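Biologist: Could you take a close look at the nonpolar patch on the surface of this chain, and set it in the context of the whole model?

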Amino acid sequence: MLTLLLVAMLTRAITQVFQQPTLNTIVPAIVPEAQLTKANGQIQTLQSLTAIIAPGFSAVLFGIMPMQWIILLDVIGAVFGSVTVLLAYVPQTLPQAVDVSFFQNMRLGVRELMQHRGIFQYSVLSLIAIMFIMPGASLYPLMTTQHFDGTIAQAGIVETVWSVGGQFARWHLH
């Protein structure tokens, strides 16, 4: 079960690494500039609501189906979201003078990031925090139900409180 969970988390992380930055890049290209703030606000609201509602929904699923099916649904959803973003039509608004490869683009991005000390430090600290916090946070439902002999409802409450706290921190950092 743990191996399945780790493989699913890896798949989810890989899809999310590409999905969110791509979405952040696509929105300004397809939304008129006058509506950009409104569109970004709506996207942020939907993401926050999803982060808060999903744990309760997951707790309900946990009560009616085996864990491996829930993990499979999560991975399928992540892959579907990534494929949807991959297939989205983005109009070419600015011609690029030079065809830049993925690795060149990555190197340019890291170089630009390192030129802004505060943003670079924040990015590194966020990466370190996520590497240490998220694996344990992903196991909260199992810890609640198996280690602490909690109920599925209590696991849902723990996940929802975790998500609300994360959204609260996110709103205050931006």
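**The nonpolar patch in its setting**

Modeller: The protein chain, which is a predicted model, has a secondary structure of 7 helices and 0 strands, and from the N terminus on its elements run α-α-α-α-α-α-α. Along the principal axes, its C-alpha trace spans about 60 × 35 × 30 Å. Of the contacts with a separation of 6 or more, 67% are accounted for by residues 24 or more positions apart, while buried residues make up 18% of the 174 residues in the chain. About 13,000 Å² of the protein chain is exposed, and carbon and sulfur atoms supply 71% of that area.

Against this background, the patch you ask about is formed by Val124, Leu125, Leu127, Ile128, Ile130, Met131, Phe132, Ile133, Met134 and Trp162, which together have about 990 Å² of accessible area. Helix α5, covering residues 117-138, gives the most to the patch, with 9 residues. Trp162, for its part, is found in helix α7, which covers residues 152-173. This tryptophan has a relative accessible area of 34%, and Trp162 therefore counts as partly exposed, since that class lies between the 20% limit for buried and the 50% limit for exposed residues.

As for charge, the protein chain has 6 positive and 6 negative side chains, and the centres of these two sets lie 9 Å apart.

Definitions and conventions. Residues numbered from 1 in each chain as written. Predicted model: local features only at pLDDT ≥ 70, side-chain atom pairs only at ≥ 80, totals over all residues. Heavy atoms only, no water. Helix = DSSP H or I, 4+ residues; strand = E, 2+ residues; numbered from the N terminus. Buried < 20%, exposed > 50% of the residue type's maximum accessible area, 1.4 Å probe, protein only. Contact = heavy atoms within 4.5 Å. Areas by Shrake-Rupley, 256 points an atom, 1.4 Å probe, with all protein chains shown as cover. Lys, Arg positive; Asp, Glu negative; His and termini not counted. Charge placed at Lys NZ, Arg CZ, Asp CG, Glu CD. Patch = residues over 30% accessible without salt bridge, like charges linked within 9 Å, V, L, I, M, F, W, Y side chains within 5 Å. Salt bridge = Lys/Arg side-chain N within 4 Å of Asp/Glu carboxyl O.
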